[in-house]
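Visitor: I would love a close look at one part of this protein. Could you take me there slowly and show me what surrounds it?

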Amino acid sequence: MLHLREQSHRFFVALPIFAAFVWFASILALLLTWLISGHPRYVSQEGSVAYISDVGASFLKPLFVVACCITGVGLFLSLVLERLLRHRGRLPPGMHRRERVLGILAVVGAFIAMWGLILLSGFDTKHYSTLHSIFLLVFMLGVALSALFTVLEYKWLAHDYPHLHKLRRAYIAKAAIGGTLVFLAIVFGVALFYAPNVGAIIEWAIAFGFTFYLLTFCYDFWMAKETQARESRNSMVEIPGLQGTLGTAEEGSSRIDA
């Protein structure tokens, strides 16, 4: 079992970075494949601009499925890890019950989004158009709920720790990125029925924008660096005889400087 109090903050940061890299690289590969191939028209395609699901249902489906699985699990584990780090004191813990409740609800939202993303990739739009649309809606709702509860949690955390400016910056970043993605998702839902080409362009924009939302967790986990340094100093002081040794070294250093 991992000892979260002793792990380097880089270990935590690597999780969202890996998920964001896999997602961005896969979406970029899908887009470039469609562009380089001369804008082919897929069986499931309606307008002149292909949707991600159209390209993902082609011969690139294995790539799309793997990317969705890794990204979905990465999002969920990032929320779970954040909960554990707050519980262990590596990140600023909630001062009230509301923060803990909001954190748990954010994890539940990420769990819903994870399964929605995994299932929509398996049930492609070419063979299971209805199921694909349902799971796409589940994924978007899950992400929206998770982002909403996360932003509210950070809002109260920033209120509880006014001296921690990093928390406020994290709150603003999540609110800005999450709010933009939710707004685009609403526009996408409308354009899906009235302007398919516009809806496709917005879907690609949302997909690339989701990368930045994943990267916000890197900033969150980076704050664990400060608690790691504090734990290291405390453990050094607790070692028998070490405090006296440090004091002697400091005195010697003072004499040399003099």
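By class, how many nonpolar, polar and charged residues are in the lining of the largest pocket?

Guide: Happy to help, and please keep in mind that this is a predicted model. The lining of the largest pocket has 26 nonpolar residues, together with eight polar and three charged ones. That pocket has a volume of about 1000 Å³. Its lining is made up of 37 residues, and the closest to the pocket centre are Leu 136, Met 140, Phe 188, Leu 192 and Glu 203. As for how such spaces are found, rolling a probe the size of a water molecule over the atoms shows where empty space is left.

Which parts of the fold build the lining? At least two residues each come from helix H2 (52–56), helix H4 (97–122), helix H5 (129–160), helix H6 (165–194) and helix H7 (196–222). H5 gives the most, with twelve residues, so let us set the scene and then walk along that helix.

The protein chain has nine helices and zero strands, so its elements, read from the N terminus, run α-α-α-α-α-α-α-α-α. Of its 258 residues, 42% are buried. Among contacts with a separation of 6 or more, 77% join residues 24 or more positions apart. The protein chain exposes about 13800 Å², and carbon and sulfur atoms supply 71% of that area.

The UniProt record, an unreviewed entry, also has something to say here. Its annotation "transmembrane region" covers residues 12–36, 63–81, 101–122, 134–154, 175–195 and 201–222. In the model, the span 134–154 is 100% helix and 0% strand, and its end C-alpha atoms lie 30 Å apart. The span 101–122 is likewise 100% helix and 0% strand, with its end C-alpha atoms 32 Å apart.

Now for H5 itself, beginning with Phe 135, which is found in this helix. Phe 135 has a relative accessible area of 16% and therefore counts as buried, since the cut-off for buried is under 20%. Leaving aside neighbours within four places in sequence, Phe 135 is in contact with Gly 116, Leu 119, Leu 120 and Phe 123. Trp 115 is 20 residues away from Phe 135 in sequence, and the two C-alpha atoms are 8.2 Å apart in space.

Further along H5 comes Ala 144. With a relative accessible area of 25%, Ala 144 is partly exposed, because that class takes in values between 20% and 50%. Its C-alpha atom is 7.5 Å from that of Gly 178, a residue 34 places away in sequence.

Thr 150 also has its place in helix H5. Here the relative accessibility is 0%, and Thr 150 counts as buried. Beyond its neighbours within four places in sequence, Thr 150 is in contact with Leu 79, Ala 106, Lys 174 and Tyr 213.

Two places outside H5 are worth a stop as well. Ser 78 sits in helix H3 (residues 61–88) and is buried, at 1% relative accessibility. Setting aside its neighbours within four places in sequence, Ser 78 is in contact with Leu 15, Pro 16, Phe 217 and Phe 221. Phe 12 is 66 residues from Ser 78 along the chain, while their C-alpha atoms are separated by 8.4 Å.

The other stop is His 39, in the loop between helix H1 (9–36) and H2. Its phi is near 55°, a positive value in a residue other than glycine. Most residues other than glycine have a negative phi. His 39 has a relative accessible area of 47%, which makes it partly exposed.

To return to your pocket: as you rotate the model, you could start from the residues closest to its centre, among them Leu 136 and Met 140. From there, look for the twelve lining residues that H5 provides, and then for those supplied by the other helices, including H6 and H7.

Conventions
Residues are numbered from 1 along each chain as its sequence is written. This is a predicted model: local features need pLDDT of at least 70, side-chain atom pairs count only at pLDDT 80 or more; totals for chains, interfaces and linings use all residues. Side-chain values use heavy atoms; hydrogens and water are left out. Helices (H or I, at least four residues) and strands (E, at least two) are DSSP runs, numbered from the N terminus. Buried means under 20% relative accessible area, exposed over 50%, partly exposed in between (1.4 Å probe, protein chains only). Contact means heavy atoms within 4.5 Å. Accessible areas come from the Shrake-Rupley method with a 1.4 Å probe; for residues, only the protein chains shown count as cover. On a 1 Å grid over the protein atoms alone, a cavity is a set of points where a 1.4 Å probe fits but cannot get out, and a pocket is an open set with protein on both sides within 12 Å along at least five of seven lines; lining residues have an atom within 4 Å of a point. Grid points are joined across faces, edges and corners, and a volume is the space filled by probe spheres set on the points. Ala, Val, Leu, Ile, Met, Phe, Trp, Tyr, Cys and Pro count as nonpolar, Asp, Glu, Lys and Arg as charged, and the others, Gly among them, as polar. UniProt positions are given in the numbering used here, feature names are shortened, and annotations may be inferred rather than shown by experiment.
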